[in-house]
Amino acid sequence: MKRLLKGRTNGWVLTVLTVLAVSLGIPAQAATPSPKAAPAAGQADATGNVYAVEEHADGTTSVAVYRPAPGITAAALVKKLKARGLQGVQAPASGDVTTLALPCSYGSARTLECSPVRWAHNGYADPQVYFLDHTSSAWPMTAVVPKWHESVGIDSYYRWYTAGCPGGGRHCVHAYSSNYGNTGWTGVTYYRYNGDRYFIDGSVSMQLNDYYGGTAAQRRNTACHEAGHVLGLGHGTSTSSCMYSSRTSTTVPNADDFALLPRIYP
Ligand SMILES: [Zn+2]
C-alpha cells in the first residue's frame, strides 16, 4: 500500500472483497484470488484513477486500475465499485508528496508502480509481450499494439486470440471489449505481480467498455492507455500522451513514454 501511495496526494484507502472480481465479471485468468488472501485495499490516485489492490498471503499482489468514464469523478467511481463489492472505506490517506525518482518517471511519463513492476526478459534481449485480441472492431488494437512495439526495451506483438499464446518464455495478455454497462469506467487493466515485482504470467488482462462509446480517436486513446499499463507505464501528466489519466483524443504515446520504457527494461 505504501508504495502505491507515493506521489499521490489525494488517495482514498478502502477495502475490497475478493468477490469484487466476480461481481465485475473479470475473466478467470485475470482474477485468481487465493482463499487465504489478505483483505484487499483500493484507492483513487491524485489523477483521478481508481486502484483496487489485494495483497495475497503468498507475497503476490493483485491490482485493478480503472479509468473513470468522462464526467465521472474518482469519488463517484469508488462509489460505483463499492456498490459492486468494494467495502470498508477508510479516511483518505494523509498526503504523501514524495517526488517520483528515476526510474519511476521520465519527463511527463510515470511507471505503473514504483519501484517499477515489469515483465521478465526470460532470455530475450527485450521482454516479449503478445496482446491476444478478443475485442470488437470498434477497438483498434491492431493499430495500438504496433505503435507500442516502436518502443526500445520491450517488444509488443498483436495476435488475434484464436492464434493462442506462443509460449517459450513469451508473455501473453488478453484484451477484451464488451458492453460492461454503466460501470463508471471506460477501461481497466488487471495485473498481479510477485515479490520480485515481476508481472505474473496469465494474470494480466485489459477490458474496454463499449458502454461509454466515444469517437474512434477516444476509443483508440483508451485502448492505447490500457495497453501502456500492460507494459508497466502509469499515468502521465501530459495530454500529448494516451497515458494521461482522463480520456482524450490523443491516440499515441509520447516521447517521454518511449524514453521511460527502456529505463524500466534496460
Ligand atoms: Zn489508467
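Two residues are in contact if their C-beta atoms, placed from the backbone, lie within 7 Å. The exercises below concern a predicted model.

**Exercise 1. Determine which elements the buried side of helix 6 packs against, and how its buried residues are arranged about the axis.**

Solution.
1. Helix 6 spans residues 255–264, and its buried residues are D256, D257, L260, L261 and I264.
2. Viewed down the helix axis, these residues fall within an arc of 135°, so they line one face of helix 6.
3. An α-helix has 3.6 residues a turn, so residues three or four places apart point the same way.
4. By the contact criterion, the buried residues of helix 6 pack against strand 6 (105–106), strand 7 (109–110) and helix 5 (216–231).

**Exercise 2. Carry out the arc analysis for helix 3, and describe the backbone just after this helix.**

Solution.
1. The buried residues in helix 3 (residues 74–83) are A74, L77, V78 and L81.
2. Their directions from the axis of helix 3 fall within an arc of 100°, so these residues line one face of the helix.
3. Just after helix 3 comes G85, whose phi is positive, at about 135°.

**Exercise 3. Identify the residues that touch the most other members of the largest nonpolar core, and locate this core relative to the domains.**

Solution.
1. The largest nonpolar core has 55 residues, of which L77, V129, F131, V173, A227 and L231 touch the most other members.
2. Both domain 1 (2–87) and domain 2 (105–264) contribute residues to this core, so the core lies between them.
3. In soluble globular proteins, nonpolar side chains tend to be buried together.
4. Take V173 as an example: leaving aside residues up to four places away in sequence, V173 touches V129, Y130, F131, L132, V204, S205, M206 and V230.
5. L77, one of the residues named in step 1, is also among the buried residues of helix 3.

**Exercise 4. Trace the pairing of strands 4, 8, 10, 11 and 12, giving the sense of each pair.**

Solution.
1. Begin with strand 11 (residues 185–193): nine of its nine residues are buried, so strand 11 is largely enclosed by the rest of the structure.
2. Strand 11 is joined to strand 4 (residues 61–68) by eight bridges, and the two run antiparallel. In this pair, R67 stands opposite G187.
3. Strand 11 also pairs with strand 12 (residues 205–209), over four bridges and in the antiparallel sense. Here G187 stands opposite L208.
4. Strand 12 in turn pairs with strand 10 in the parallel sense, over five bridges. L208 of strand 12 stands opposite S177.
5. Strand 10 (residues 171–178) has seven buried residues out of eight, so strand 10 is largely enclosed by the rest of the structure.
6. Five bridges join strand 10 to strand 8, and these two strands run parallel. The residue opposite A175 is D133.
7. Read from strand 4, the pairings therefore lead to strand 11, then to strand 12, to strand 10 and to strand 8.

**Exercise 5. Examine the backbone geometry and burial of residues in the loop between strand 7 and strand 8.**

Solution.
1. Most residues other than glycine have a negative phi, and most peptide bonds are trans.
2. The peptide bond between C114 and S115 is cis, with omega about 5°. S115 belongs to the loop between strand 7 and strand 8.
3. N122, in that loop, has a positive phi near 55° although N122 is not glycine. With 13 other C-beta atoms within 10 Å, N122 is partly exposed.
4. V117 is found in the loop as well. A residue is buried if 20 or more other C-beta atoms lie within 10 Å of its own; V117 has 23, and is buried.

**Exercise 6. Establish which residues V117 touches, and characterise R197.**

Solution.
1. Not counting residues up to four places away in sequence, V117 touches L112, Y193, R197, F199 and G232.
2. The C-alpha atoms of V117 and G195 are separated by 9.9 Å, while these residues lie 78 residues apart along the chain.
3. R197 is located in the loop between strand 11 and strand 12, and has a positive phi of about 65° without being a glycine.
4. R197 has 15 C-beta neighbours inside 10 Å and therefore counts as partly exposed.

Notes
Residues numbered from 1 in each chain as written. Predicted model: local features only at pLDDT ≥ 70, side-chain atom pairs only at ≥ 80, totals over all residues. Buried ≥ 20, exposed ≤ 12 C-beta atoms within 10 Å, placed from the backbone. Arc of directions from axis to C-beta. Core = buried A, V, L, I, M, F, W, Y, C linked by C-beta atoms within 7 Å. Domains from an automatic or database assignment. Pairing = 2+ DSSP bridges.
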